[in-house]
Amino acid sequence: MKAIYLEKINSPFVLIEKEKPVAGPGEAIVQVKAASLNHRDVWIQYGRYFTKEYPAILGSDGAGIVTEVGEGVDQSWIGKEVILDPSTDWGDNPLAHSQNYKVLGMPEDGAFAEYVKVRATNLHEKPEHLTWEEAAALPLAGVTAYRAMFTKCGLKAGEKVLVTGAGGGVALFAVQFAIAAGAEVWVTSGSDEKIEAAKKLGATGGINYKKENWGKELKSIAGGFDVSIDGAAGEGFVQLVKLANPGGRIGIYGGTTGMIGQLNPAEIFWKQLAIHGSTMGTNQDFAEMVAFVREKKVKPIVDSVFPLEQTEEAMRYMEAGKQFGKIVVSVS
């Protein structure tokens, strides 16, 4: 089969031929139709991820057709169109993952290949309304947004939500999920064009965080927020605390702008705020996310599609940060 290979830290992604995997007990082989990129892949390429096992075939997100199952797996899976839950070994505590927790695409071979081996428990039937590219865009970013917003922050219909960094994969799913759940959604972005694109999806409005005093301006036009979903941290996180309504919840799933600035503890305890750290999700989170997408007919935003052999070019495009939505590679 063809696969995308990362030999070592700071090496380019290259196309290779390798042996097709074989299903063992409890496992399934999926012919990958499409896979999507995540910033995790670039971090691994640069050696900035906590797992460092090279060489590797990356790719946490995939969708395809089951072609083979191992011992103990229901044969009815063969021929089904599926998406892959990228998480394994979360553990018994739904509040936090175990030390054995892993994500598809290091250490196990991932979806940047014509075939991928996964545990059968990680197979989920593809929502019928999604294309292969849309389905491949869903897993990692979708479950991250779903857990932060619903499992952790408990979003309810009618509440007001702020999503930072609209344009990124997780942020856009947070926007789409919140709108589908009946919330009023506002966004921040460093691009006025991305704010307008979010409004076309149903967001009420937004603010460019490059503006001086953007928090005060947003407060004046939108008021406070019941839930904020953030992947940036940094100095901007201070504004999320100031913008929070009493009893508000803030879900943070990333820290692209670094350490959080000085927080006034009185604003946190006097407003009875809850700050939730969140990353990825349990198998139950994933199943609930897929069910939500199927029920609400949510269609992931795909920015662009590259052929498998141009995965390296796709990574550099993602690294440039100009996309609005997920970047996908078409495999077979």
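**A tour from helix α3 to the aromatic pairs**

Select M149 to begin: this residue is buried, with a relative accessible area of 0%. The model being displayed is a predicted one. M149 belongs to helix α3, which spans residues 139-152. Display its surroundings next; beyond the neighbours within four places in sequence, M149 is in contact with G154, L155, V161, A174, F177, A178 and I229. Of these, V161 may be picked for a distance check: its C-alpha is 9.4 Å from that of M149, and the two residues are 12 apart in sequence.

Remain in helix α3 and select R147. R147 is buried, with a relative accessible area of 2%. A polar atom of the R147 side chain lies 2.8 Å from the backbone oxygen of P94. Outside the neighbours within four places in sequence, the contacts of R147 include W90, L95, K152, M280 and D285.

From R147, proceed to its contact W90 and add Y101. The ring centres of W90 and Y101 are 5.4 Å apart and the planes stand at 80 degrees, so the pair is edge-to-face. Both residues lie in the loop between β6 (87-88) and β7 (102-103), 11 residues apart, and both are buried. The whole structure holds nine aromatic pairs.

Now select Y146, F150, F173, F177 and F292, which ring pairs link into a cluster. F177 was met earlier as a contact of M149.

Two lysines complete the tour. The charged end of K80 sits over the ring of W77, 5.2 Å from its centre. K126 lies over the face of W132, at 5.2 Å from the ring centre.

Methods
Residues numbered from 1 in each chain as written. Predicted model: local features only at pLDDT ≥ 70, side-chain atom pairs only at ≥ 80, totals over all residues. Heavy atoms only, no water. Helix = DSSP H or I, 4+ residues; strand = E, 2+ residues; numbered from the N terminus. Buried < 20%, exposed > 50% of the residue type's maximum accessible area, 1.4 Å probe, protein only. Contact = heavy atoms within 4.5 Å. Polar contact = N/O pair within 3.5 Å; in protein donor to acceptor, adjacent residues only side chain to side chain. Phe/Tyr/Trp six-rings, centres within 6.5 Å; stacked < 30°, edge-to-face > 60°. Lys NZ or Arg CZ within 6 Å of the ring centre and 35° of its normal.
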